[in-house]
Amino acid sequence: MSTLYVMIEIDGRLAAIDAADVQSVIEVGSIYPVPRAPGHIAGLTAMRSQSLTVIDCRKALGLPSQTVPERAPVVRVADHSYALMVDRVDDVLESRSEPAAVPGNFGADWQRAGRGMIETDRGPALLVNVEALIAGPRAKAA
Amino acid sequence: MDDLLADFVAETREMLEAIGGEIVAWEADPADGTRLDAIFRFVHTVKGNCGFFDFPRLEKLSHAAEGTLADVRAGRRYPDSHLVNAVLAIIDRITQLIDAIDAGQELPEGGDDGLIAALEPDTPGAGESIAVQSVTAQAPSTASSATLRTIRLPVELLDRVMSGVSDMVLARNDLARRLREAGAEPTLDGPFERLTGILNDVREAVTRMRMQRIEHLYNALPRLVRDLSAELGKQVMVDLDGGDVELDREMIEMMRDPITHIIRNAIDHGIESPTARLAAGKREIGLLSISARQSGNRITLTVTDDGKGLDTEKVGRKAVAAGLVTDAELAAMSRENIIELIFAPGLSTADEVSAVSGRGVGMDVVRANIERVGGTISVSSRPGAGTQFHLQIPLTLSIISALTVSAGGQRFAIPQSYVEEIVHGGAKAIEFSTVGETRLMVFRERRTPCLSLAHVLGMGGNEVDRRQKMVLLRLGPTDLVALAVDAIHDQEDLVVKPLAPAIMQTGAYAGTTLLDDGNPVLMLDVPTIAAQNGLATDARARAAVATHDDNQPHERKLRRLLTFTAFDGRRKAIGMDLVMRIDQVPAEAIDRSATGDTVVIGEKIYPLVGLEQGCDPGETVKLLRLSDSLDELAYAVAELDDSIETGEEVMPLPEDAALEGLLLHRGEQLRVLDGFALFALRTSVATQTERPVCRIPRDDEWAVRMLEPLVRAAGYRIAEPDDEHVDIEIAIADQSALATGEVGHCIRLYADPDIAAKRADGVFRYDRSALVEALRSARQEKVA
């Protein structure tokens with residue numbers, strides 16, 4: 001049986017998040033910055049009367065930040081909800097394969113955030129480890 | 001764990017908690033048959049219940065205790081202290097076993113036989129070492145009453161319901177905002193109002209579900225006091241009051257450690273040995289009283305002992321030794337300031353580390369824990385007469401009253417419990433200076449360190465602009481810090497939610513919440529911010545302040561007044577001590593009538609003063625909520641101004657009874673409202689044209705806090721030090737009388753009800769009705 005994935009794009013690369021991890025996809029409204037928070041935390045935003053922590057995935061991967069996209073998947077980790085700022089959110093797709101190791105290396109930051117590679121109808125995609133994205137570039141030891 | 005077993009554990013715990021007090025009472029009077037019966041029933045029930053489960057050790061222990069207690073009941077044995085200790089040791093072991101079963105751990109092996117053997121008449125001492133183990137670790141359980149139908153619920157479920165309801169409130173606020181934006185829609189307004197009403201009811205009910213009587217905290221205390229006093233060779237009686245006061249279950253748990261710590265200290269350091277007490281002319285049994293009172297949405301817990309009081313010399317020496325203050329600074333400090341040093345980190349007054357207190361956990365930790373939940377702690381002490389700790393804590397952890405401010409273009413919330421005062425940076429009374437990298441603000445002759453919120457949060461420099469507002473935050477009893485912000489918005493009750501761990505790591509924030517307009521706002525973590533800027537532990541600053549204060553020791557008494565512009569366009573002022581908080585209400589909340597205006601704030605109706613006939617207050621009205629500690633009323637103001645401190649005399653204005661008089665402040669006339677007249681006018685207390693004068697000890701904190709409002713409510717004016725004539729004087733009997741003027745009549749307050757009963761002019765200090773009666777009859781004598 002194949003698993004469902006939410007397809008996203010970060011820095012032009014196709015990536016995937018396990019659909020079971022994603023609570024919803026929201027329209028990102030205003031983002032309220034959190035002074036002194038780590039760089040990959042873009043701030044707080046309100047979703048249906050809750051506040052969410054917004055993660056700038058490009059920064060979490062050590063890439064320069066871009067303009068704010070319109071939609072973001074919401075994930076819940078350790079009782080906190082996060083909105084993931086990615087370049088684009090695409091469809092939900094079924095994978096055509098089990099996650100597999102990528103031949104070679106993803107590159108330092110991608111390596112940390114990736115759990116493997118899956119085949120989809122749109123081609124190969126990196127399966128993203130949400131916890132690693134939220135932890136950000138600082139938690140390299142983990 | 002299966003349900004049956006869980007029930008067994010919960011039931012046994014409940015019984016353990018319930019008999020905690022019985023055991024101590026029984027020990028005090030072993031001949032008391034009813035207590036003995038209660039304890040007997042407990043061990044008997046435990047024995048019976050564990051027959052259903054495979055707990056041979058529990059069964060053996062309870063069987064042995066039951067046998068011994070049966071002998072006592074039959075008169076075959078006398079319950080001497082040896083036997084009592086042995087029974088207590090067994091009950092403690094049962095508690096441990098129950099805890100182990102609950103945690104699903106291996107039961108701690110061994111020792112049971114020794115405990116059982118100790119029950120025999122001729123094996124001295126075996127039980128004693130175990131008997132003193134603390135039972136405070138007991139988990140709380142939901143109270144059940146025989147007359148009410150109850151069910152047992154896991155606390156996690158309650159928490160989930162509570163957080164669900166909090167979310168519903170936020171969702172409602174969001175919806176309300178969207179409805180407003182969409183414009184009037186009469187068909188929606190009705191159902192929405194109804195939803196709001198229901199939601200408020202549910203929220204209140206859920207809050208009550210999480211409430212527990214403070215008895216749950218009290219139950220363990222008699223036993224704790226008994227064990228500690230036995231260990232330390234002291235005799236202590238414990239008096240618990242206000243057990244029916246309810247507060248959030250979580251809050252009760254948060255209070256357990258601080259209260260235990262304060263009690264330990266009181267018994268270890270406060271209360272003297274029986275011989276020393278007799279030598280000092282006191283009863284040989286020390287009295288430790290703990291009382292709880294609810295006032296508004298805060299609970300006041302008071303722990304009082306009648307021991308020797310805090311040894312300021314010793315505290316001072318320790319503080320110098322610990323490097324908290326220098327000798328010179330210490331010499332300049334007042335007694336109150338030295339007493340406050342016990343809350344400084346790294347100070348323990350114990351000469352040697354005893355088993356009971358002085359384990360390295362100091363009062364600084366107690367204070368930090370209480371402040372973490374938005375509470376405050378203060379201490380007062382009189383040499384030879386005792387020590388009193390006042391703890392003020394909010395009813396619940398999840399809703400915090402906060403002030404919203406903005407800095408660097410963003411909004412932040414500051415817990416109201418830290419906010420002392422707000423001043424405009426441009427006020428003439430303020431001077432700024434810079435010493436090294438530190439900014440200082442001189443305000444009311446105090447040097448206060450000054451932080452710019454934008455700078456603290458890395459959004460700007462630490463320059464303070466005169467156009468900014470200064471929020472004075474109280475860090476400790478005498479520590480203030482000024483926080484410069486761009487604007488002050490509102491005071492709101494906020495439902496605070498935890499933040500993601502990565503944000504918590506910054507240390508600057510305590511949580512987040514959504515405002516009514518749907519925007520998220522961050523709640524500042526004041527103590528951590530202060531600590532990060534090197535301010536929280538600065539005992540030197542405290543000493544410096546004290547030095548400064550003592551340079552002008554007996555200036556005219558300064559009054560703090562809040563100034564405002566009233567609806568009649570005049571500038572007025574009112575005593576700061578009367579102002580509870582500042583509210584803003586929509587004009588619809590006000591009901592105007594010929595007999596007097598009223599206003600709805602929250603869910604209560606308050607009498608409203610300050611609106612002139614026929615004046616239009618506009619869409620929203622700012623209100624001062626005033627309290628004389630018995631009644632509350634609201635005063636409508638057109639514009640709020642600074643708070644001022646003044647030593648100027650108020651010039652009486654006899655033609656206007658509502659005014660205390662005129663005050664000259666920086667060349668301007670301020671009309672000072674007479675708080676007494678305000679309340680007399682609107683709260684149906686009989687008005688009095690000329691008030692009799694009463695002198696109370698002004699240097700006694702209890703008198704100022706507790707006595708003064710009561711005396712005022714009885715229709716008296718409090719005497720100023722230079723009042724020649726007073727109609728009545730209230731003296732605290734163990735203080736020297738301080739009659740300085742002509743006194744018509746005197747009431748003496750005694751801490752001991754027995755002595756008070758023997759004197760004609762004596763009243764027990766906590767006998768409120770007797771005191772009120774004495775004041776009333778004195779007033780009638782004067783009239784007659």
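A strand here is a DSSP run of E with at least two residues, and strands are numbered from the N terminus. With that in hand, you can place Val238(B), which lies in strand β2, residues 236–241 of chain B. Keep in mind as you look around that this is a predicted model. The tour below starts with two single residues, moves on to sheets and helices, and ends where the two chains meet.

**Two residues to find in chain B**

- Val238(B) counts as partly exposed because its relative accessibility is 25%, and partly exposed covers the range between under 20% (buried) and over 50% (exposed).
- Leaving aside residues up to four places away in sequence, Val238(B) touches Pro222(B), Val225(B), Leu288(B) and Ile290(B).
- Val238(B) and Ser289(B) are 51 residues apart in sequence, yet their C-alpha atoms are 5.7 Å apart in space.
- Thr302(B) sits in strand β5, which covers residues 298–305 of chain B.
- With a relative accessible area of 11%, Thr302(B) is buried.
- Thr302(B) touches Ser289(B), Ile290(B) and Ser291(B), and also Gln388(B), Phe389(B) and His390(B), again not counting residues up to four places away in sequence.
- Ile290(B) is therefore a residue to look for twice, since it is among the contacts of Val238(B) and among those of Thr302(B), where contact means heavy atoms within 4.5 Å.

**A six-stranded sheet in chain B**

- Six strands of chain B form an open sheet with mixed pairing, and their order is β21-β25-β26-β24-β23-β22.
- At the edges are β21 (579–586) and β22 (590–591) of chain B, each of which pairs on one side only.
- Inside this sheet, strand β23 (residues 597–601) and strand β24 (residues 604–609) of chain B are antiparallel partners, joined over five bridges.
- If you want one pair to locate, Thr598(B) has Pro607(B) in β24(B) as its bridge partner.

**A hairpin in chain A**

- Strands β9 (residues 114–120) and β10 (residues 123–128) of chain A run antiparallel and are joined by six bridges.
- Together β9(A) and β10(A) make a hairpin, with two residues between them.
- Thr120(A) stands opposite Gly123(A) of β10(A).

**Two helices in chain B**

- Helix α2 of chain B has 18 residues (33–50), so at 1.5 Å a residue it should span 26 Å, and its end C-alpha atoms are indeed 26 Å apart.
- The buried residues of α2(B) include Phe40(B), Phe42(B), Asn49(B) and Cys50(B).
- Helix α22 of chain B has 13 residues (701–713), so the same 1.5 Å a residue gives 18 Å, which agrees with the 18 Å between its end C-alpha atoms.
- A kink of about 45° lies at Leu707(B) in α22(B), shortly before the proline Pro709(B).
- Leu707(B) is also one of the buried residues of α22(B), which include Trp702(B) and Glu708(B).
- After α22(B) comes Gly715(B), with a positive phi near 95°.

**Where the chains meet**

- On the chain B side 26 residues are in contact with 18 residues of chain A.
- The two chains bury about 1800 Å² between them, and 64% of that is on carbon and sulfur atoms.
- In chain B, the residues that lose the most area to chain A are Gln410(B), Ile503(B) and Pro520(B), together 26% of what that side buries.
- How many salt bridges does the rule find across the interface of chain B and chain A? The count is zero.

How values were computed:
Residues numbered from 1 in each chain as written. Chains lettered and ligands numbered in written order. Predicted model: local features only at pLDDT ≥ 70, side-chain atom pairs only at ≥ 80, totals over all residues. Heavy atoms only, no water. Pairing = 2+ DSSP bridges. Helix = DSSP H or I, 4+ residues; strand = E, 2+ residues; numbered from the N terminus. Expected span 1.5 Å × (residues − 1). Bend = angle between axes of the 7 residues up to and from the residue. Buried < 20%, exposed > 50% of the residue type's maximum accessible area, 1.4 Å probe, protein only. Buried area = accessible area lost by both parts, 1.4 Å probe. Salt bridge = Lys/Arg side-chain N within 4 Å of Asp/Glu carboxyl O.
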